[in-house]
Amino acid sequence: EMKVALGEPLGEKAAANAASTNFPVLRLKRDILRRSSTGVITTNRASAGVGSQVAAGVDASLRLSDALTMAGYYARVSNPGATGNQSSYAGSFDYGVDRYGVNLEHVLVGDAFDPAVGFVRRGDFRLTSGQVRISRRTVDSRRIRRLSWQGGVEHITDAAATRLENRSLTSNVDIEFHNGDTSGMDYSHEDEFLPSDFRIAPGVV
């Protein structure tokens, strides 16, 4: 699969103080193995007075079996005059069968990662998360069909890993009965960094 977009230059807009800009994009994607794919992408934003802001990346999604999937990408930008980390990458591992499952993910978006074409939902962060699930179908019980437990953690810092921004710990236990009823208990603990004081009520900061 190959996609090429060569947009015509957007004209000068004096009222908006916007310079004429080109947005060429090239995306190549190829299926591999049975249900996997890999690809590359490059984008460029070129405008008068700013120069070219180039981004390039590679990605892959590997479906190794019905239960196991691995995916990841690496991207880097080259913006004139930018300082800091101009790269971004991610990797994930997902394995799940009826009795247990594991999900791991790590994402980095550098403090200077700005592809200029498209958008980044959140900048300057490093995310590490994991989930574990254990399920057991009962054989002897006349009432309970399955017991399940799941626990997870999500840890987010700035890209340099010097400041904790968000942390979440979760756990839940579920009971499934033969008659279709379910019962469960959830636990969660959240931490969030507040960069500045704010008033939530008169005299309460």
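Here are some short exercises with worked solutions on the strands and charged side chains of this predicted model.

**Exercise 1. Find out how strand 9, strand 10 and strand 11 are arranged, using W149 as your guide.**

Step 1. Begin with strand 9, which covers residues 125–137. Its pairing with strand 10 is antiparallel and runs over 12 bridges. The two strands make a hairpin, with 6 residues between them.

Step 2. Move on to strand 10, residues 144–157. Strand 10 and strand 11 also run antiparallel, joined by 13 bridges. Their hairpin has 6 residues between the strands, and A161 there takes a positive phi near 60°.

Step 3. Now look at W149 in strand 10. I134 stands opposite W149, and W149 in turn stands opposite V173 of strand 11.

**Exercise 2. Repeat the analysis for strand 5, strand 6 and strand 7.**

Step 1. Strand 5 (residues 51–63) and strand 6 (residues 68–78) run antiparallel and are joined by 10 bridges. A hairpin of 4 residues connects them. To see the pairing for yourself, pick R63: its bridge partner in strand 6 is T69.

Step 2. Strand 6 also pairs with strand 7 (residues 87–96), in the antiparallel sense and over 9 bridges. A handy pair to display here is L68 with its bridge partner Y95 in strand 7.

**Exercise 3. Which side chain meets R122 in a salt bridge, and which parts of the chain does the pair link?**

Step 1. Recall that side chains of opposite charge can pair when their charged atoms come close.

Step 2. The partner is E165, with an N to O distance of 2.7 Å. R122 sits in the loop between strand 8 and strand 9, while E165 belongs to strand 11, so the pair links distant parts of the chain, 43 residues apart.

Step 3. Check the accessibility of each partner. R122 has a relative accessibility of 32%, so it counts as partly exposed. E165 has a relative accessible area of 13%; because the cut-off for buried is under 20%, E165 is buried.

**Exercise 4. Work out which salt bridges E176 makes with strand 10, and which network they belong to.**

Step 1. Take R145 as a starting point. Its closest N and O atoms to E176 are 3.1 Å apart, in a salt bridge. R145 lies in strand 10 and E176 in strand 11, 31 residues apart.

Step 2. Add R146, whose side chain meets that of E176 in a salt bridge at 3.4 Å, N to O. Because R146 is in strand 10 and E176 in strand 11, this pair ties together parts 30 residues apart in sequence.

Step 3. Widen the view: salt bridges that share partners join D98, R137, R145, R146 and E176 into one network.

Step 4. Compare accessibilities. R145 is partly exposed at 30%, R146 counts as partly exposed at 22%, and E176 counts as partly exposed at 22%. For the overall tally, the model has 9 salt bridges.

**Exercise 5. Which residues form a negative surface patch, and is E190 buried or exposed?**

Step 1. The patch is made up of E105, E154, E190 and E192.

Step 2. Locate E190: it is found in strand 12, which spans residues 182–192.

Step 3. Its relative accessible area is 54%. Since exposed means over 50%, E190 is exposed.

Technical notes. Residues are numbered from 1 along each chain as its sequence is written. This is a predicted model: local features need pLDDT of at least 70, side-chain atom pairs count only at pLDDT 80 or more; totals for chains, interfaces and linings use all residues. Side-chain values use heavy atoms; hydrogens and water are left out. Patches are made of residues with over 30% relative accessible area and no salt bridge: like charges are joined within 9 Å, nonpolar side chains (Val, Leu, Ile, Met, Phe, Trp, Tyr) within 5 Å. Accessible areas come from the Shrake-Rupley method with a 1.4 Å probe; for residues, only the protein chains shown count as cover. A salt bridge is a side-chain nitrogen of Lys or Arg within 4 Å of a carboxyl oxygen of Asp or Glu. Lys and Arg count as positive and Asp and Glu as negative; His and the chain ends are not counted. The place of a charge is taken as NZ of Lys, CZ of Arg, CG of Asp or CD of Glu. Buried means under 20% relative accessible area, exposed over 50%, partly exposed in between (1.4 Å probe, protein chains only). Two strands pair if DSSP finds at least two bridges between them.
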